[in-house]
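Please work through the exercises below with the sequence and the 3D view side by side. Each one sets a task and then solves it in steps.

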Amino acid sequence: MDAVTDTRNRPLRDLRISVTDRCNFRCVYCMPREVFGRGYAFLPHSQVLTFEEITRLARLFVAQGVEKVRITGGEPLVRHDIEKLVAMLAAVPGLHDLTLTTNGALLKRKAQALREAGLRRITVSLDSLRDDVFMAMNDVDFPVQGVLEGIEAAQEAGLHPIKVNMVVKRGVNDSDALDMARYFRERGHILRFIEYMDVGTTNGWRMDDVVPAAEILRMIDGEMPLEPAEANYPGEVAERYRYKDGGGEIGIIASVTQPFCGACTRARLSAEGKFYTCLFSSAGHDLRGLLRGGATDDELSAFLRSVWRIRDDRYSEVRAEATASLPKIEMSYIGG
Ligand code: SAM
Ligand code: SF4
Ligand code: SF4
């Protein structure tokens with residue numbers, strides 16, 4: 001079957017699978033406590049896709065051209081037996097690249113099992129090396145050391161490369177960027193700076209809170225000179241820069257100031273089985289209903305293709321203060 005392309009001629013290459021909408025953190029830019037507090041109604045377990053359902057869909061997505069799958073959430077490591085899903089996905093023929101994004105809190109405990117299940121590499125989120133700043137951002141008083149130990153465990157388990165995601169918020173952790181760069185450069189991990197985005201409708205996003213990636217780049221380059229590096233593959237979201245002295249690389253994800261919708265080949269599957277064609281979609285396409293209603297592989301494949309064919313999304317290219325308040329899905333639900 002021919003690879004499917006959307007109305008802007010973008011193929012379907014990447015799939016992000018959210019395995020849970022729950023999380024053990026309450027990051028202020030993602031799941032603010034005022035909204036995701038005690039009374040918040042997370043998805044009941046019966047509505048969350050089973051590992052078998054996820055794997056079946058992953059296999060069908062791969063048949064439509066998907067080469068890379070990222071397991072995310074919510075926090076994927078809070079999903080019971082997540083390594084079983086990793087093993088099932090690692091066995092999908094044609095899936096070349098399987099990875100996972102985690103806040104690292106449970107990684108020390110899980111790294112070895114994930115590696116043994118077939119995970120090759122991992123991304124860990126960490127926004128500061130200072131406890132006061134990090135705890136204020138994760139809002140559950142989780143210490144930096146706990147994440148660093150998770151990263152070490154991942155390295156010992158042979159997960160490689162390790163990427164570290166840092167969301168930069170003006171006046172909150174922008175002054176930590178250099179320290180983070182020094183620290184992870186020394187250890188050979190790839191630090192990626194992510195512009196704070198207006199995902200969902202609960203984080204009170206304002207353009208003033210965004211630190212343009214170019215600013216961060218200048219800051220790092222001033223102390224540790226950088227040069228641009230080639231993208232690893234077309235459509236890579238992070239722009240790569242390598243240290244001129246050969247001391248590794250960093251990445252910049254400038255989704256606000258330098259949108260990359262033109263090359264966006266990413267689909268998202270929510271924990272309850274909705275298929276989204278953009279991080280900023282306001283509605284998803286229900287796959288769980290089809291799965292549980294007895295749809296055949298051919299019927300599901302035809303549906304995936306029909307949704308992708310009419311895809312027209314380019315939210316980041318048209319973003320403005322006004323669009324920030326449009327109805328959107330929360331990142332913890334849709335998967336970052
Ligand atoms: N819980 C896992 C974690 O934090 O790594 C996986 C899910 S999280 C939604 C995926 C990534 O999205 C994280 O690196 C997180 O920092 C990032 N993220 C969340 N909210 C964001 C926002 N408003 N702007 C930019 N990145 C955000
Ligand atoms: Fe949880 Fe990740 Fe969102 Fe933080 S960014 S609240 S760790 S899902
Ligand atoms: Fe892709 Fe939507 Fe992000 Fe643009 S805004 S890069 S289309 S997910």
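**Exercise 1. Find out whether phenylalanine 42 is buried or exposed, and then describe its aromatic pair with tyrosine 40.**

Step 1. Phenylalanine 42 has a relative accessibility of 17%, and therefore counts as buried, where buried means under 20% relative accessible area, exposed over 50%, and partly exposed in between, with a 1.4 Å probe and protein chains only.
This is a predicted model, in which local features need pLDDT of at least 70 and side-chain atom pairs count only at pLDDT 80 or more, while totals for chains, interfaces and linings use all residues. Residues are numbered from 1 along each chain as its sequence is written, chains are lettered from A and ligands numbered from 1 in the order in which they are written, and side-chain values use heavy atoms, with hydrogens and water left out.

Step 2. Tyrosine 40, at 32% relative accessibility, counts as partly exposed.

Step 3. Aromatic pairs are formed by rings of Phe, Tyr and Trp (its six-membered ring) whose centres lie within 6.5 Å, and planes under 30 degrees apart count as stacked, over 60 as edge-to-face and the rest as tilted. By this rule there are seven aromatic pairs, and the one between tyrosine 40 and phenylalanine 42 is edge-to-face, with 4.7 Å from centre to centre and 65 degrees between the planes.

**Exercise 2. Determine how the rings of phenylalanine 280 and tyrosine 315 are arranged, and where in the chain the two residues lie.**

Step 1. The rings of phenylalanine 280 and tyrosine 315 are stacked, at 4.1 Å centre to centre and with 15 degrees between the planes.

Step 2. Phenylalanine 280 belongs to the loop between β11 (274-276) and β12 (285-286), and tyrosine 315 to helix α10 (residues 315-318), so the pair ties together parts that are 35 residues apart in sequence. Helices (H or I, at least four residues) and strands (E, at least two) are DSSP runs, numbered from the N terminus.

Step 3. Phenylalanine 280 and tyrosine 315 are both buried. As a further example of aromatic residues, Phe25, Phe134 and Phe142 form one cluster.

**Exercise 3. Trace which parts of the chain are linked by the salt bridges of aspartate 297 and arginine 121.**

Step 1. A salt bridge is a side-chain nitrogen of Lys or Arg within 4 Å of a carboxyl oxygen of Asp or Glu, and the structure holds 25 of them.

Step 2. Aspartate 297 and arginine 59 meet through their side chains in a salt bridge of 3.3 Å, N to O. This pair links distant parts of the chain, since aspartate 297 is in helix α9 (residues 297-309) and arginine 59 is in helix α1 (residues 51-63), 238 residues apart. Aspartate 297 is partly exposed at a relative accessible area of 26%, and arginine 59 is partly exposed at 37%.

Step 3. Arginine 121 forms a salt bridge with aspartate 97, at 3.0 Å from N to O. Because arginine 121 lies in the loop between α3 (107-117) and β4 (122-125) and aspartate 97 in strand β3, the pair ties together parts that are 24 residues apart in sequence. Arginine 121 counts as buried, at 11% relative accessibility.

Step 4. Salt bridges that share partners join Asp6, Arg10, Arg311 and Asp313 into one network.

**Exercise 4. Locate aspartate 176 and name the partner of its side chain.**

Step 1. Aspartate 176 sits in the loop between β5 and α6 (177-187), and at 2% relative accessibility this residue counts as buried.

Step 2. The side chain of aspartate 176 is joined to that of arginine 130 by a polar contact of 2.9 Å. A polar contact is a pair of N or O atoms within 3.5 Å; within protein, one must be able to donate a hydrogen and the other to accept it, and residues adjacent in sequence count only if both atoms are side-chain atoms.

**Exercise 5. Describe the surroundings of ligand 1 and ligand 2.**

Step 1. There are 20 residues around ligand 1, and Gly74, Glu75, Ser125, Met197 and Met331 come nearest; a residue is near a molecule if one of its heavy atoms lies within 4 Å of it.

Step 2. A nitrogen atom of ligand 1 is 3.0 Å from a polar backbone atom of glycine 74, and an oxygen atom of ligand 1 is 3.2 Å from an N or O atom in the side chain of asparagine 165.

Step 3. Ligand 2 is surrounded by Cys23, Phe25, Cys27, Tyr29, Cys30, Met31, Gly74 and Asn103.
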